[in-house]
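Me: Before I trust any labels, I'd like to go through a few of them with you. Can we take the terms one by one?

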Amino acid sequence: MTLFERIIHGEIPASFVYEDDLAVAFRDIHPQAPTHVLVVPRRPITSLSASRGEDAALLGHLLVVVAEVARREGLGGGYRVVINDGAHGGQTVPHLHLHLLGGRGLGWPPG
Ligand code: 5GP
């Protein structure tokens, strides 16, 4: 079971900000911005690169959830959405997740 499945099943505590049938969102334990929320599908797709055509609706849903959480967090000034994929992308948890970062100006390009 992935770390994020254990969080979804309540085995590891987390600060949830959103839940529905397909996805959850909770605050990152090491926030990189005033708002740093992880949007995670309940189904443990390993990574974006492991997704397939049949995942299209779920992937779209995750973006809609990001936008909803951003509204709830009051990120009217803008925000960034990040998916780290694989070793070069800096992915550390093998369960697809979208980082929602906001609450301050964010530099570009990322490191
Ligand atoms: P990745 O590096 O895979 O893109 O992102 C994984 C994220 O999960 C990191 O930002 C990391 O801080 C966060 N994280 C790791 N362990 C935990 C945990 O136990 N609880 C929470 N809420 N976040 C975690």
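Me: Where does proline 109 lie?
Reply: Proline 109 sits in the segment after E5. Strands here are DSSP runs of E, at least two residues, and helices are runs of H or I, at least four, numbered from the N terminus. By the way, this is a predicted model, where local features need pLDDT of at least 70, side-chain atom pairs count only at pLDDT 80 or more, and totals for chains, interfaces and linings use all residues. Residues are numbered from 1 along each chain as its sequence is written, and side-chain values use heavy atoms, leaving out hydrogens and water.

Me: What makes the peptide bond from tryptophan 108 to proline 109 cis?
Reply: Its omega is near 5°. Most peptide bonds are trans.

Me: How do you know that E4 and E5 pair?
Reply: Two strands pair if DSSP finds at least two bridges between them. E4 and E5 (residues 98-102) have four bridges, in the antiparallel sense, so the definition of at least two is met. Valine 81 stands opposite leucine 100 in E5.

Me: Why are E1 and E4 called edge strands?
Reply: The open sheet has the order E1-E2-E3-E5-E4, with antiparallel pairing. E1 (16-19) and E4 (79-82) each have a single partner strand, so one side of each has no neighbour in the sheet.

Me: What is the angle of helix H2 to E3?
Reply: H2 (residues 56-72) runs at about 150° to E3 (35-41) and lies across E1, E2 (23-27), E3, E4 and E5. Axes are lines fitted to C-alpha atoms, for helices over the stretch in contact (heavy atoms within 4.5 Å). Angles run from 0 to 180 degrees between N-to-C directions.

Me: What makes the pair of aspartate 28 and the ligand a polar contact?
Reply: A polar contact with the ligand is a pair of N or O atoms within 3.5 Å. A polar side-chain atom of aspartate 28 lies 2.4 Å from a ligand oxygen, so the pair is within 3.5 Å and counts. For isoleucine 29, a backbone N or O atom is 3.3 Å from a ligand nitrogen, and that also falls within 3.5 Å.

Me: Why is the protein chain called as compact as a globular protein of its length?
Reply: Its radius of gyration, taken over C-alpha atoms, is set against a globule rule of 2.2 Å times the number of residues to the power 0.38. The chain has 13 Å, close to the 13 Å that the rule gives for 111 residues, so it is as compact as a globular protein of that length.

Methods. Polar contact = N/O pair within 3.5 Å; in protein donor to acceptor, adjacent residues only side chain to side chain.
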